[in-house]
Amino acid sequence: MAKGLLRGLAYLESGAIALCGAVALLLACYMVVARYVAPDLRTDWALDVIVMVIVWGVMIAGGRTARHQAHIRVDLFLNAAPDGLRRVMIGVCLAVIVATAGLLCWSGILVVEEAIRWDERSSSTWRIPLWIYYLSLPVGMASIALQAIFGVLSGQSSGHEHLWDAAQE
Amino acid sequence: MITQAILGLAGLFGLLILGVPIFIALAAVAIVLLLIEGNSIAGLGQHILDHLNSPTLMAIPFFVMAAMFMKGGGIAQALFDWAALAFGRIRGGLPIATVAATALFAAINGSSVATALAMGTMAVPLLVSKGYRRPFVLGLTGTAATLGILIPPSLPLVVYGLISETSVPRLFLAGVVPGLLQAMLIAGIIIVRARSQQSETPDETSGGESNTRSIAGTTVWALPALSVPFVVLGGIYGGLVTITEAAALSAILALLVTLFIYKGARILDVPSLVRQSVESTGSVILIVGSALLLSHWIARSGLAADLVAAVVELGLPAWLFLLIMNVTLILLGMILEGYSITLITVPLTLPILAALEISRVHYGIVLIMNIELAMLTPPIGLNLFVMAGIAKAPVGEVIRGTLPFLIGMIALLALVTFYSPIVTFLPDLVLGPASE
C-alpha cells in the first residue's frame with residue numbers, strides 16, 4: 001500500500017517536472033515567433049511564466065534528486081572511509097541536510113506569507129501573484145528535508161535499502 | 001571579517017569532505033554567516049528567490065535540453081562523416097576528423113559530458129576497428145570533448161556570466177579563439193604521433209563511412225546539424241534573440257533534427273529527455289542559488305574590500321595572482337566538478353580581479369580551461385569516466401591515453417593566462433572594448 005502510494009507520487013512528480021520543462025520551452029519559442037509574426041502582441045508575461053515553471057520544476061526535481069542521492073557532492077572521501085566512519089559521515093550529512101533545507105523551508109514560508117499579505121505581483125502584463133513563484137522554495141526544501149528524514153528512518157545511514165528506492169523498483 | 005571568512009571556508013570544506021551535497025554545504029555556511037551578521041530568516045529565502053528570478057539563468061535548462069536531444073546520435077555521426085571527407089584521406093586523418101567533428105558538435109551544445117557521450121559512442125568503436133590503439137583513441141576523444149564548454153555555447157560560461165555579471169555573448173565570443181587553438185593543438189599532437197609512432201596510427205585512408213556517400217550527399221546530410229550553430233549564434237550576435245531564446249531555439253531545432261532527420265530518438269522518449277534535462281539543471285541551479293547567498297554575505301560583510309586591501313598590501317602582480325589561481329583551480333578540479341569550482345571561487349576572486357585590473361572576460365576563459373583540465377584529471381574527471389564507460393575500459397587506460405593531450409592543454413592554458421589578447425581580441429573586435 002505504502003509502496004504503491006509512493007510509486008504513484010513518484011510518477012506524478014516526474015510528470016510535473018517534464019511538464020514544467022516542456023511549458024517553458026514552448027513559451028520561449030512562442031516569445032520569439034510572436035515578436036516577429038505579431039509584434040503588437042504583449043509577450044512579457046511569458047518570461048515570468050518561464051522563470052516560474054522552471055524554478056518549480058527545479059525545486060520538485062530537488063527532492064527527487066535527493067531521493068536518489070544524486071545531488072552534486074564530493075563522495076571521494078565518503079567512498080574511501082571505512083564502514084563505521086562512513087555511517088557517521090552519512091548521519092552528519094543527513095542532519096545538515098535536514099537542518100539547512102528545513103531552515104530554508106521556514107524562510108520560504110515567511111516570504112510567501114509576506115507576498116500574500118502585501119499582494120505582491122510581477123511587473124509584467126499578467127501581474128502574476130508572486131506567492132505562486134515563492135511557494136516553490138518551501139515546497140522544494142520541504143521535499144529535500146523529508147527525503148533526508150526518510151533516509152534516516154529507512155536506515156540509509158546503516159546501509160539498508162532505501163524505502164523510496166524500493167518503491168521505485 | 002577575515003577570521004569569519006577563514007572559519008566559513010574551513011566549515012565549507014569540512015562539509016564537502018563529509019559528502020554533504022554542495023548546494024547544502026554552501027547554503028549552510030552562508031546561512032550561519034548571514035545570521036551572525038544579523039540577517040533575518042525571511043531575508044535568506046527572499047535573496048535566493050530574487051536571484052533565481054533571472055532570464056539568463058533560464059538559458060541553462062534549454063541548453064541542457066538541446067544537449068540531451070543531441071546525445072542520442074545521428075547528429076554526431078553526420079558531423080563526423082562530413083569532417084572525414086576533409087581529413088579522412090591523410091595519415092592520422094580519422095582522429096583529426098574526430099577532433100573537427102567534436103569542435104562542430106561543441107558549437108551546437110554547451111556540455112562537455114554530452115559531447116563526450118555523443119562523439120565517444122560513435123567515434124571510439126570506429127577508430128578502434130580501424131586499428132588505432134584504444135588508449136590513444138579514448139584520450140583524444142575525451143580531451144576533444146572538453147571543447148564542449150569552451151566553444152560557444154557553453155553552460156559554465158552562462159553560469160560564470162551570471163555570477164560575475166559579465167556579458168554572456170561577450171564570454172561566448174571570447175571562447176572561440178582559445179577553442180580553435182585547442183582543436184588545432186589536439187590535431188597537431190595527433191599528426192606528430194602519426195609521424196613518430198607509426199604503430200599507433202595505421203595508414204587509414206578510407207575516409208570511413210564517408211566513402212559510401214558522395215561528397216555532396218554527405219554535405220547535404222550534415223546541413224541540418226551544421227545549421228544549428230548558425231541559427232543560435234547568428235541569432236544572438238545578429239541581435240535577433242536573447243541568450244535564453246537562442247537556447248530554447250537550439251533545443252527545439254535539436255529536437256526536430258534528431259526526431260525527423262537523423263532519427264536519433266523517438267517521440268515517446270521526449271518527455272523523459274525533458275525531465276532528465278530539468279533534473280540535471282536543477283542540481284546546478286540549486287548550487288547557483290546557494291552560491292549567490294554566499295556572495296550576498298561577501299558583499300554585505302565587507303570581506304571583498306578586506307581581500308582587495310590584503311592583495312594590494314602584498315603587492316601581488318596580476319600574473320602571479322593568475323598563476324596562483326591556476327594552481328588552486330587545478331587542485332580544486334581534482335576534488336570538485338566544474339560548476340562547484342566556479343560557484344565557490346568566483347565570488348571570492350571577483351573583487352581581486354577588479355583591483356588587479358584583470359578582465360573578467362579573460363578570467364572567465366582561464367577558469368573554463370581549468371574546468372576542462374578538471375574533467376580530465378583523476379580522481380573525479382568526468383570525461384575519464386564517460387570514456388571508460390563507453391569503451392568498457394579501465395579508467396587508468398583512459399588516463400594513459402589522455403596524458404600527452406593534457407600536457408598540451410596545460411601549455412595552452414599558460415599561453416592564454418599570460419597573453420590575454422588571445423581571449424579578448426575577438427569580443428573586442430565584434431562588440432567593441434569591454435567597459436569593466
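In this predicted model, Lys392(B) counts as exposed, with a relative accessibility of 73%. The residue sits in the loop between α19 (382–391) and α20 (395–418) of chain B, and its backbone stands out a little: phi is near 50 degrees, a positive value in a residue other than glycine. Most residues other than glycine have a negative phi, and most peptide bonds are trans.

Glu357(B) tells a similar story. Here phi is positive too, at about 55 degrees, although the residue is not a glycine. Glu357(B) belongs to the loop that links α17 (338–355) to α18 (360–374) in chain B, and its relative accessibility of 73% is over the 50% cut-off, so it counts as exposed.

Then there is the backbone at Pro153(B). The peptide bond running from Pro152(B) to Pro153(B) is cis, with omega near -5 degrees. Pro153(B) is again a loop residue, placed between α8 (134–145) and α9 (155–164) of chain B.

Turning to the surface, Trp221(B), Leu256(B), Phe260(B), Ile261(B) and Ile267(B) make up a nonpolar patch, together offering about 470 Å² of accessible area. Helix α13 (residues 243–261) of chain B supplies the largest share of this patch, three residues. Ile267(B), by contrast, is found in the loop between α13 and α14 (270–301) of chain B; at 56% relative accessibility, Ile267(B) counts as exposed.

As for helix packing, the axes of α2 (residues 22–36) of chain B and α14(B) come within 8 Å and cross at roughly 25 degrees. That angle is under 35 degrees, so α2(B) is roughly parallel to α14(B). The crossing of these two helices, α2(B) and α14(B), is left-handed.

Definitions and conventions
Residues numbered from 1 in each chain as written. Chains lettered and ligands numbered in written order. Predicted model: local features only at pLDDT ≥ 70, side-chain atom pairs only at ≥ 80, totals over all residues. Heavy atoms only, no water. Patch = residues over 30% accessible without salt bridge, like charges linked within 9 Å, V, L, I, M, F, W, Y side chains within 5 Å. Areas by Shrake-Rupley, 256 points an atom, 1.4 Å probe, with all protein chains shown as cover. Salt bridge = Lys/Arg side-chain N within 4 Å of Asp/Glu carboxyl O. Helix = DSSP H or I, 4+ residues; strand = E, 2+ residues; numbered from the N terminus. Buried < 20%, exposed > 50% of the residue type's maximum accessible area, 1.4 Å probe, protein only. Axes fitted to C-alpha atoms, helices over the stretch in contact; angles between N-to-C directions. Parallel < 35°, antiparallel > 145°, perpendicular 65-115°, else oblique. Left-handed = near helix turned anticlockwise from the far one by under 90°.
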